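This report describes selected features of one protein model with a bound ligand. Please consult the sequence and the structure shown below while reading.

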Amino acid sequence: MEQIDIAASSKEEIYRQLLPQIESLLADETDRIANMANTVAALRQSFPYYSWVGFYLFDATKNELVLGPFQGKIACTRIAVGRGVCGTAFNERKSIVVPDVNQFPGHIFCDGDSKSEIVVPIHWNGSVIGVLDVDSHAYNSFDETDRIFLESLIGSIAGKIAPL
Ligand code: SME
């Protein structure tokens with residue numbers, strides 16, 4: 001069993017140390033559920049300001065995002081495409097950083113204590129197959145550093161979490 005080993009103080013340095021460890025954790029596994037589950041666990045245990053982290057995956061039969069592996073409190077099971085931060089990031093095919101969720105029209109409160117959020121779409125073979133969603137109980141938790149590193153992570157592991 002591998003361990004996640006981080007010795008860092010800045011978020012940038014945590015991401016720099018963590019991302020290769022997640023890639024290595026997933027390297028020999030082909031099961032997408034196991035890979036998503038370990039990815040969210042590794043992220044959650046490395047960042048104290050993450051209150052919730054999880055995947056929402058596109059269900060083409062219903063044109064909705066459906067809850068995937070996550071760490072945190074129970075959450076909304078389904079989100080219509082175009083709704084909330086997740087459905088908007090999916091539709092626009094780009095990441096959204098929300099410093100104050102009260103200022104995002106249509107934000108969906110799964111956790112009433114959530115204050116800020118980042119959502120990163122998962123691009124694979126020309127399609128968006130879902131999103132990674134991260135919440136925080138503090139305002140302004142996410143910035144360009146989170147966006148750049150989470151996009152890099154999702155880009156490098158997309159093939160390990162995509163349907164076969
Ligand atoms: N806040 C999200 C919904 C998912 S929960 O935060 C886990 C949204 O507005 O899409």
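## Basis and accessibility classes

A residue is called buried when its relative accessible area is under 20%, exposed when that value is over 50%, and partly exposed in between. The model discussed here is predicted, and residues are numbered from 1 along each chain.

By these classes C110, at 34% relative accessibility, is partly exposed. C86, by contrast, has a relative accessibility of 3% and therefore counts as buried.

## Cysteines and the disulfide

How many disulfides does the model contain? The count comes to one disulfide, and the link joins C76 to C110 with an S to S distance of 2.1 Å. The torsion about the S-S bond is -125°, and the link of C76 and C110 is left-handed. C76 belongs to the loop between strand 2 (64–71) and strand 3 (78–80), while C110 belongs to the loop between strand 4 (96–98) and strand 5 (116–124), so the pair ties together parts that are 34 residues apart in sequence.

Why does C86 form no bond with the cysteine whose sulfur is closest to its own? That closest sulfur is in C110, at 7.6 Å from the sulfur of C86, which is too far for a bond. A disulfide requires the two sulfur atoms to lie within 2.5 Å.

## The ligand site

The space taken by the ligand is the largest cavity. The elements giving two or more residues to the surrounding shell are strand 1, helix 3 (84–92) and strand 6. Of the elements that contribute to this shell, helix 3 gives the most, with three residues. In total, 13 residues surround the ligand, and the closest are V85, C86, I108, E117 and D135. C86, the buried cysteine, is thus one of the residues closest to the ligand.

Three side chains place polar atoms opposite polar atoms of the ligand, as follows.

- E117 has a polar side-chain atom 3.0 Å from a nitrogen atom of the ligand.
- H107 has a polar side-chain atom 3.2 Å from a nitrogen atom of the ligand.
- D133 has a polar side-chain atom 3.4 Å from an oxygen atom of the ligand.

Taken alone, the ligand exposes 310 Å², and the protein buries 99% of that area.

## D111 and its contacts

D111 is found in the loop between strand 4 and strand 5, the loop that also holds C110. Is D111 buried or exposed? With a relative accessible area of 11%, D111 is buried.

The side chain of D111 has two polar partners to report. One is the backbone nitrogen of D113, reached at 2.8 Å. The other is the side chain of H137, with which D111 makes a polar contact at 2.8 Å. Along the chain, D111 and S51 are 60 residues apart, and their C-alpha atoms are separated by 9.5 Å.

## Strand residues and distant partners

V97 has its place in strand 4 and, at 29% relative accessibility, counts as partly exposed. V97 and I118 are 21 residues apart in sequence, with a C-alpha to C-alpha distance of 4.5 Å.

V131 lies in strand 6, one of the elements that give two or more residues to the shell around the ligand. At 0% relative accessibility, V131 counts as buried. V131 and I154 are 23 residues apart in sequence and 9.1 Å apart in space, C-alpha to C-alpha.

## Positive phi angles in loops

Two asparagines in loops merit attention for their backbone angles. N63 has a positive phi of about 55° although it is not a glycine. N63 lies in the loop between strand 1 (52–59) and strand 2 and, at 45% relative accessibility, counts as partly exposed.

N125, also a residue other than glycine, has a positive phi near 50°. N125 is found in the loop between strand 5 and strand 6 (127–136). At 68% relative accessibility, N125 counts as exposed.

Technical notes
Predicted model: local features only at pLDDT ≥ 70, side-chain atom pairs only at ≥ 80, totals over all residues. Heavy atoms only, no water. Helix = DSSP H or I, 4+ residues; strand = E, 2+ residues; numbered from the N terminus. Buried < 20%, exposed > 50% of the residue type's maximum accessible area, 1.4 Å probe, protein only. Near = heavy atom within 4 Å. Polar contact = N/O pair within 3.5 Å; in protein donor to acceptor, adjacent residues only side chain to side chain. Areas by Shrake-Rupley, 256 points an atom, 1.4 Å probe, with all protein chains shown as cover. 1 Å grid on protein atoms, 1.4 Å probe; cavity = no way out; pocket = protein on both sides within 12 Å on 5 of 7 lines; lining within 4 Å. Sits in = over half its atoms within 2 Å of the grid points.
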